[in-house]
Structure formats: C-alpha cells, structure tokens
Amino acid sequence: MKKILMPILAAGSILAFSASALSADYIIDTKGAHASINFKIKHAGFSWLTGRFNNFDGRFSYDKSDISASNIKVNIDTSSIDSNHAKRDKHLRSDDFLDVEKYPTASFSSNKFIDKGNGKMEIIGDLTFHGVTKSISINAEKIAEGNRKDKYLAGFSGTTELILKDFNIKKSLGAASTSVYMDLHIEGIRQ
Amino acid sequence: MLRNTKSSYGLIAKSFHWLSAVTILALFISGIWMTDLDYEHFWYDYAAHYHESVGVLFAIFVIFRLLWRQINIKPNFSETLSVVELKAAKLAHNLLYLLCIMIIITGYLIPTADNRGLDVFTWFTVPSLGSFHHQQADFSGKAHYLLSWGLITLSFIHALAACKHHFIDNDNTLKKIL
C-alpha cells in the first residue's frame with residue numbers, strides 16, 4: 001500500500017507546487033465593485049463627458065513570471081451605461097448609439113499580452129461591440145498584487161481609444177467626439 | 001351658462017374639453033418630433049423642456065378637470081344612442097381620462113429617473129421620486145410612447161363617433177360640447 005501511496009502523494013504535491021508556478025486564475029471582483037469600466041468623450045469640444053458601464057464581469061489568467069502567457073475575458077452589459085443623466089442614457093441606449101436591445105453585450109477577449117517591463121504591458125485582443133468585432137490594443141499596467149486577509153489580489157489599470165465609426169455607431173456626436181477614451185480598472189481575486 | 005345642464009355642457013366644461021384636445025395634440029406632435037431631433041439641433045434640449053413643462057401644467061389641469069366633472073351633473077346622452085353605443089361612449093370617455101393619467105405618470109418618470117427634478121419653464125421644479133426600476137427611463141419611455149399612440153387613436157375614433165352622431169344621426173351629441 002505504502003509503495004503505491006507515496007509516489008501518488010509525491011506526484012500530487014509536485015503538481016500542486018508547479019500549479020503555483022503557472023498562470024493563476026482570477027475572477028474580477030465585481031461583487032465588491034473593485035473594478036470599473038469608465039469612458040470619457042468630448043462634449044461638443046467643450047469639456048470631458050464621463051460615464052461608466054455599471055454591470056460587467058470577467059476573468060483573467062496572470063503569472064508575473066511570464067506575462068505573455070496571460071489572458072483576459074470581459075463581458076459588459078451595454079444597457080448598464082451610466083453617465084449620470086436619465087435622458088442622456090436613454091438616448092445612448094437607443095438605436096441612435098449603442099442599440100442595447102440589439103446588442104445587449106459587448107465583450108473583450110485577449111489574444112496577446114506583450115510585456116513592456118516595470119509592470120507595464122500591452123494587451124491585444126478582440127473587442128466585439130455594437131455588432132462589430134475588431135482588434136484593439138489596451139495600454140495596461142499592474143498596480144499591485146499580493147495577499148489581503150484571506151485572499152490573493154492582483155490589480156491592473158488600462159486605457160484605450162475606440163473610434164466610434166469603427167463600430168458602426170449611427171449618429172455623430174460632433175467633430176470633436178469621434179473617439180471615446182476608455183479608462184479601465186480591474187482587481188482580480190485569485191481562485 | 002357656465003355649469004352643465006341636463007341637455008348641454010356648460011362653458012367651463014366645454015373650454016376644458018377643447019383646451020385638452022389642443023394640448024394633447026400639441027404634446028403628441030412635439031413628442032414625436034423632439035425624439036427624432038439630431039443632437040446638434042438647436043431644439044434638441046428645448047423641445048423636451050417645453051414638452052415636459054406643458055405636460056406638468058396639463059397634469060395639474062387634468063386634476064381640476066376631473067374635480068369639476070365630479071361636482072357637476074352630467075348632460076344626458078342623446079336618445080338616439082343604442083345600448084351598445086351608450087356602453088361604448090362611457091367606456092371610451094373613461095379610457096381617455098385613464099390614458100391621460102397614465103401618460104402623465106410615465107412621462108414624469110422619464111426625466112426624473114436620475115433623481116433630477118423636472119423644471120417647469122422657469123417657474124418651479126417638480127421633485128423627483130427617485131428610480132423605481134433600474135431601466136426606468138427606457139421602460140417608462142416605451143410605455144409613454146405606446147400609451148400616447150393609444151390616446152391619439154382613441155381620440156380620433158372619439159371624434160369620428162361625434163361626427164357620425166352629428167352628420168348621420170343628426171342628434172345633439174356634438175352640439176352639447178360645442
């Protein structure tokens with residue numbers, strides 16, 4: 001019995017140790033709202049209009065010793081757009097802009113993580129938004145990772161620019177508002 | 001005469017009726033027009049502001065109108081009306097009032113969904129009751145839109161019926177309110 005058990009236990013512990021050397025899986029902490037998907041766009045050229053998407057979820061896989069092996073997937077409920085103005089958000093949800101009835105979800109799926117050193121990285125992936133799938137690049141950086149109470153957390157920030165025309169957004173918001181700038185913050189809880 | 005009699009509506013009821021008709025038509029047309037406006041259009045914001053302001057004033061007016069209706073006698077329906085026509089007329093009239101009230105409520109819930117009060121011209125602001133539904137502006141907006149088409153359609157039928165009584169039956173139905 002011992003002759004079979006020991007090798008099995010040994011194999012098991014090796015696997016356990018090697019698991020921690022591979023990518024770790026994280027779930028984005030939307031329950032605790034320690035993540036946000038924010039946007040800003042010019043208001044007729046006069047000021048920055050900001051807002052966010054309140055409902056989304058996602059997971060990512062990350063290992064600081066091999067950043068290129070990371071991946072991330074995020075799904076966004078487009079109807080959760082919130083620019084703090086009922087009438088404006090109603091218009092944004094309509095088919096003039098987001099058309100949330102037709103496209104209730106937007107999603108991002110990464111294809112490549114490029115390590116730029118010092119915790120900085122470039123994440124290239126497919127964004128499916130308003131019925132269009134397009135490759136985009138997110139400029140990201142790790143804020144910090146480590147133990148917190150009974151959990152292991154890793155936090156990141158990222159920015160990207162989306163050209164509205166690229167995603168077939170019907171109505172124009174003016175010449176100064178052809179792009180919307182995304183400001184992304186995520187905190188993952190290691191699983 | 002100002003008050004209703006058994007054979008005719010009074011001046012007050014008559015003016016309430018036609019004022020409502022004009023206001024409802026104006027609110028309907030402005031509502032359809034304003035939601036089609038381009039973001040750059042000068043009237044994009046103003047049209048909604050005037051539509052909402054008139055809507056609130058109309059709401060107050062409807063309350064008065066309903067009260068006036070309660071404390072007044074109702075003129076008799078013309079004797080030419082059949083039992084079916086009598087039932088239909090009462091149902092239609094009650095439905096017209098009910099639609100008005102529901103349109104007013106759903107309309108109010110759109111701009112106040114974000115806790116902002118509703119400005120009535122520059123005179124006063126109706127406070128928001130907050131959000132009851134997470135997609136309130138959209139949900140209420142759809143209801144407001146559909147109910148409004150219902151009201152306009154019913155009003156059209158109401159007008160056609162009055163003409164039928166006036167031109168075909170030659171009774172006093174239309175004359176009572178003119």
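In chain A of this predicted model, A:N75 has its bridge partner in strand β7(A), namely A:S107. That pair belongs to the antiparallel pairing of β5(A) with β7, residues 105–117, which extends over five bridges. I shall begin with these strands of chain A and then turn to the helices of chain B.

Strand β5 of chain A covers residues 71–77. In a regular strand, side chains alternate between the two faces of the sheet. Here the covered face carries A:I72, A:V74 and A:I76, while A:N71, A:K73, A:N75 and A:D77 lie on the uncovered face. A:N75, with which I opened, is thus one of the residues on the uncovered side. A:I72, from the covered face, is the bridge partner of A:F60. Strand β4, residues 56–62, and β5(A) pair in the antiparallel sense, over six bridges. β5(A) is therefore paired with β4(A) as well as with β7(A).

Following the chain onward, β7(A) and β8, residues 120–129, run antiparallel and are joined by nine bridges. Within this pairing, A:K112 stands opposite A:I124 of β8(A). The two strands form a hairpin with two residues between them, and A:N118 in the turn has a positive phi of about 60 degrees.

β8(A) in turn is joined by 10 bridges to β9, residues 132–148, again in an antiparallel arrangement. A:T128 has A:T133 in β9(A) as its bridge partner. This hairpin too has two residues between the strands, and here A:H130 takes a positive phi near 55 degrees.

Let me now move to chain B. How many residues does each chain bring to the contact between A and B? Chain A contributes 11 residues and chain B contributes 12. On the chain A side, five of the residues are charged, four are polar and two are nonpolar.

Within chain B, I shall describe two helix pairs. Two packed helices are described by the angle between their axes and the distance between the axes. Helix α1, residues 11–34, and helix α2, residues 43–71, pack with their axes 10 Å apart, at an angle of about 155 degrees. Angles over 145 degrees count as roughly antiparallel, and α1(B) and α2(B) are therefore placed in that class. Their crossing is left-handed. The contact draws on many positions, among them B:F16, B:L27 and B:W33 of α1(B), and B:H51, B:F58 and B:W68 of α2(B). By class, it holds 11 nonpolar residues, six polar and one charged.

The second pair is α1(B) with α4(B), residues 136–168. Their axes come within 11 Å and cross at roughly 135 degrees. That angle makes α1(B) oblique to α4(B). This crossing is left-handed as well. From α1(B), the contact takes B:I24, B:F28 and B:G31, and from α4(B) it takes B:S148, B:L151, B:I152 and B:S155. These residues divide into four nonpolar and three polar, with no charged residue. B:G31 is also listed in the contact of α1(B) with α2(B).

I close with one residue of helix α4 of chain B, B:L146. Is B:L146 buried or exposed? It counts as exposed, because it has 12 C-beta neighbours inside 10 Å. Its C-alpha atom is separated by 15 Å from that of B:L25, a residue 121 positions away along the chain.

Conventions
Residues numbered from 1 in each chain as written. Chains lettered and ligands numbered in written order. Predicted model: local features only at pLDDT ≥ 70, side-chain atom pairs only at ≥ 80, totals over all residues. Contact = placed C-beta atoms within 7 Å. Nonpolar A, V, L, I, M, F, W, Y, C, P; charged D, E, K, R; others polar. Axes fitted to C-alpha atoms, helices over the stretch in contact; angles between N-to-C directions. Helix = DSSP H or I, 4+ residues; strand = E, 2+ residues; numbered from the N terminus. Parallel < 35°, antiparallel > 145°, perpendicular 65-115°, else oblique. Left-handed = near helix turned anticlockwise from the far one by under 90°. Buried ≥ 20, exposed ≤ 12 C-beta atoms within 10 Å, placed from the backbone.
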